[in-house]
Amino acid sequence: MASLGDIGLAAAINILSAFAFLIAFAILRLQPFNDRVYFPKWYLKGLRNSPAHTGAAVRKFVNLDFKSYLTFLNWMPAALKMPEQELIEHAGLDSAVYLRIYLLGLKIFVPISILAFAILVPVNWTNSTLEDAQRANPKLTYNDIDKLSVSNIPLQSQRFWTHLVMAYAFTFWTCYALYKEYELVASMRLHFLASEQRRPDQFTVLLRNVPPDPDESVSELVEHFFLVNHPDHYLTHQVVYDANKLTKLVKKKKKMQNWLDYNQLKHSRNQSKNQSERPTTKTGFLGLFGDRVDAMEFYTSEIDKLSKEIAEERERIMSNPKSIMPAAFVSFKTRWGAAVCAQTQQSRNPTIWLTEWSPEPRDVYWHNLAIPFVSLTVRRLIIGVAFFFLTFFFMIPIAIVQSLANIEGIEKAAPFLEPIIEVKFIKAFIQGFLPGIALKIFLILLPTILMLMSKIEGFISISALERRSASRYYLFLFVNVFLGSIVAGTAFQQLNTFIHKSANDIPKIIGVSIPMKATFFITYIMVDGWAGTAGEILRLKPLIIFHLKNFFLVKTEKDREEAMDAGSLGFNTGEPQIQLYFLVGLVYCVVTPILLPFIIVFFALAYVVYRHQIINVYNQEYESGAQFWPDVHGRIIAALIISQLLLLGLLSTKEAAQSTPFLIALPVLTIWFYRFCKNRFEPAFIRYPLQEAMMKDTLERAKEPNLNLKGYLQNAYIHPDFRNEDDDQSSAFTEEWEKESLVATKRQSRKNTPLPSRYSGSSSPTLSEVVQEEPQECEYIERGLAVELLVLTTQKTVDTNYQPEQLPGLHASSEKG
């Protein structure tokens, strides 16, 4: 078993590794040729240019200002200097709230550590239980870490009351910190939504599962439904196309265009050098095989072919009813109207005309919009089963890896290695470094697999994909890293007794095993948390990839931008790993408090590092308004309940019959607290208050009375492969789409429509055109009468049984006019 000396050596190795990473980063970031790797966000925003170079050519690659190397750690105060409000404006609310997860870790564990070291450590250390047990059984071994844990408390001891009281104190403090943070983040979200600029998703809902109709197309059906059921607020809509084949063609054309630009640039450089030779290429695979031809002519002809294929595919999509999915983005005249539609049931049948808030256009995952809604349940069932088997079978390599932490087990399996393993340095390396880094290697490919599974499930936004992938990743880490490490690490020592235990004894078995695995989790925190976080700021892998791309693949400035773009922060991988530290800290805060300082160092270092990365590196692809916070809160609550149940199982083996029953109330109180916070704060993350919507609408009408909202919204949710075509093609599609928005109503059935349409067999006008049909009423559309007259004229277009007496006040006003 690892001693404090072994842990100290492992800590020294990881501290030196982290410091080496920080030194390397401080040096590499100062070099001009690395500037785009360590500050890409400023380049993408157009706020930073390549460093100016004068003098020797070496200055283009190496910073010769040696004074700048003396302040190699000045990036830390610089990262902390930016105020939070400025950070929100610079990086978005998602990024700012993500950083608050690290702050929350410090808020929870710093006070807990102070209390634990002041009370629990002396209570554990001042016993002689392990020493007495070793005198009775010389084969029993223990170390100093065990003496600092609950393992050093004798059976039936009254000292367990201290652990019980501390469990209550730590739970109450954690819940208080969670409550205050939930309250703050909810307030930040509402303030952000109230103050942000106008965005298309504020006016738009996603409509799914449009029922088939034999008389009308999907576009006609959607417009008819909303003109009837939302006559005062419906503005326009955009149907969803299955354009996945078109996407492949557009990507291929962009690639060819990039090669053409490169060869044209190369030809122009040759001409400037008085070289008339035109660039050539081979027509085969990757330009390595086939006939050699003129490059510019080849790529020009390929682009012309692809343009024709794209035009034909676009025409096929728009003319083929099977390419139109039973879904649409529906936009409204006001945020209030969109909020009402998104948060209410549209039909008697709750399985059709389903509405939800639309993701912002950058957040839409267009590929999954082509998935039929009816198949989503089957897809999620299949992926759920697949995830179960992935989690279960991953236990096998995890168990093998964790057996390395048991020196005695290795010596029994391979006695010839004993002389080598017993070398102090090698023994410390195996126990303090190897298990953690081997586990890290196993987990490298996992996020990609989980993201692919989330995409197969059919989520239609990138943020939803990342939240789903994060929840699965956390569950995987809990089962395989946390439980797997505890159970597998002890199962190799007592496999026979473990197999024959009943299911009711599982909490006891895991609880007893927790103190025995404290060493592993300390080393894991140092390897993954300390060295891993320092490695994050070094960005060694992106650094190498950027220079390889820049040397071999970058042909244009657009290529260079794509090569240096670091993308989003990676919520689907980062947040579950943070949650694992919350889980480990809450489980061990009562059992083995010596682990807590290692977690505090991780949260502090990670906060500084990721604040720097968010300011300078990561460029968030979308903005969800911190919609992920309920998941963060729920997972910390789950970790708290797990720690309470495991402590209950551990103390039940210590025969603490007087104190243990009082722990039963803790999970109940924690669940009640979770439900309270859910009811109190979660609505702010899933609903949009009508009061806020009306307020923003009113202010917008006052500031911009002539705003052309339809022009702003009608192209917002067009598939990007339609919008990003050439200007003539894009405008042609827009004209075609605008024609579709004024459709002939052909429906004969009224089973889904409460009121008949007066425009059956003719074009369905927009509300502004309806108003124009009543010139005698148009003169009254001003101030307070505007909304009432819109309601009146809309009702007259859809209700053949309309009578003026239905609105006597308005009728009287019209007569007075």
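Select Glu183 to begin: at 28% relative accessibility, this glutamate counts as partly exposed. The model is predicted, and every value in this tour is computed from it. Now add Lys180, which forms a salt bridge with Glu183, the closest N and O atoms being 3.5 Å apart. Lys180 is also partly exposed, at 39% relative accessibility. Both residues belong to helix α9, and because they are three residues apart there, about one helical turn separates them.

**Along helix α9 to Glu181**

Next select Glu181 and Lys107. Their side chains meet in a salt bridge, with 3.0 Å from N to O. Glu181 is in helix α9 and Lys107 in helix α6, so this pair ties together parts that are 74 residues apart in sequence. Is Glu181 buried or exposed? Its relative accessible area is 2%, and Glu181 is therefore buried, since the limit for that class is under 20%. Lys107, by contrast, counts as partly exposed at 36% relative accessibility.

**The Arg198 network**

Side chains of opposite charge can pair when their charged atoms come close. For another such pair, select Arg198 and Glu700, whose side chains meet in a salt bridge at 2.9 Å from N to O. Arg198 lies in the loop between α9 and β1 (204-208), while Glu700 lies in helix α32 (residues 690-703), so the pair ties together parts that are 502 residues apart in sequence. Extend the selection to Arg335, Asp697 and Glu704: with Arg198 and Glu700, they are joined into one network by salt bridges that share partners. Within this network, Arg198 is partly exposed, with a relative accessible area of 24%, and Glu700 counts as buried at 13% relative accessibility. How many salt bridges does a search of the whole structure find? The search finds 17.

**The second largest pocket**

Rolling a probe the size of a water molecule over the atoms shows where empty space is left. Select Glu356, Arg467, Gln627, Phe685 and Ile686, the lining residues that lie nearest the centre of the second largest pocket. This pocket has a volume of about 1300 Å³, and its lining comprises 44 residues. To see which elements contribute, colour α9 (160-195), β6 (354-357), α14, α21, α29 (629-652), α30 (665-681) and α31 (683-686); these are the elements that give two or more residues to the lining of the second largest pocket. By residue class, that lining divides into 16 nonpolar, 11 polar and 17 charged.

**The largest cavity**

Now select Asp94, Phe571, Gln620, Tyr622 and Phe628, which lie nearest the centre of the largest cavity among its 14 lining residues. Which elements give two or more residues to this lining? They are α6 (93-125) and α21 (462-491). The volume of the largest cavity is about 110 Å³. Its lining residues divide into five nonpolar, six polar and three charged. In total, the structure holds seven cavities of 30 Å³ or more.

**A nonpolar patch on the surface**

Move to Leu381, in helix α14 (residues 376-393). At 58% relative accessibility, Leu381 counts as exposed, because the class begins over 50%. Add Val385, Phe388, Phe389, Phe392 and Phe393 to the selection: together with Leu381, these residues make a nonpolar surface patch of about 650 Å².

**Two residues with positive phi**

Most residues other than glycine have a negative phi. Select Trp353, which has a positive phi of about 50 degrees although it is not a glycine. Trp353 is found in the loop between α13 (335-342) and β6, and at 3% relative accessibility it counts as buried.

Then go to Ala626, in the loop between α28 (596-616) and α29. Ala626 is not a glycine either, yet its phi is positive, at about 60 degrees. Its relative accessibility is 0%, so Ala626 counts as buried.

**Last stop: Arg29**

Finish at Arg29, which is found in the loop between α1 (4-28) and α2 (35-38). Buried or exposed: which class does Arg29 fall in? At 12% relative accessibility, Arg29 counts as buried. Add Phe72 to the selection and show the C-alpha atoms of both residues. Arg29 and Phe72 are 43 residues apart along the chain, and their C-alpha atoms are separated by 9.4 Å.

Note on methods. Residues numbered from 1 in each chain as written. Predicted model: local features only at pLDDT ≥ 70, side-chain atom pairs only at ≥ 80, totals over all residues. Heavy atoms only, no water. 1 Å grid on protein atoms, 1.4 Å probe; cavity = no way out; pocket = protein on both sides within 12 Å on 5 of 7 lines; lining within 4 Å. Points joined across faces, edges and corners; volume = space filled by probe spheres on them. Helix = DSSP H or I, 4+ residues; strand = E, 2+ residues; numbered from the N terminus. Nonpolar A, V, L, I, M, F, W, Y, C, P; charged D, E, K, R; others polar. Patch = residues over 30% accessible without salt bridge, like charges linked within 9 Å, V, L, I, M, F, W, Y side chains within 5 Å. Areas by Shrake-Rupley, 256 points an atom, 1.4 Å probe, with all protein chains shown as cover. Salt bridge = Lys/Arg side-chain N within 4 Å of Asp/Glu carboxyl O. Buried < 20%, exposed > 50% of the residue type's maximum accessible area, 1.4 Å probe, protein only.
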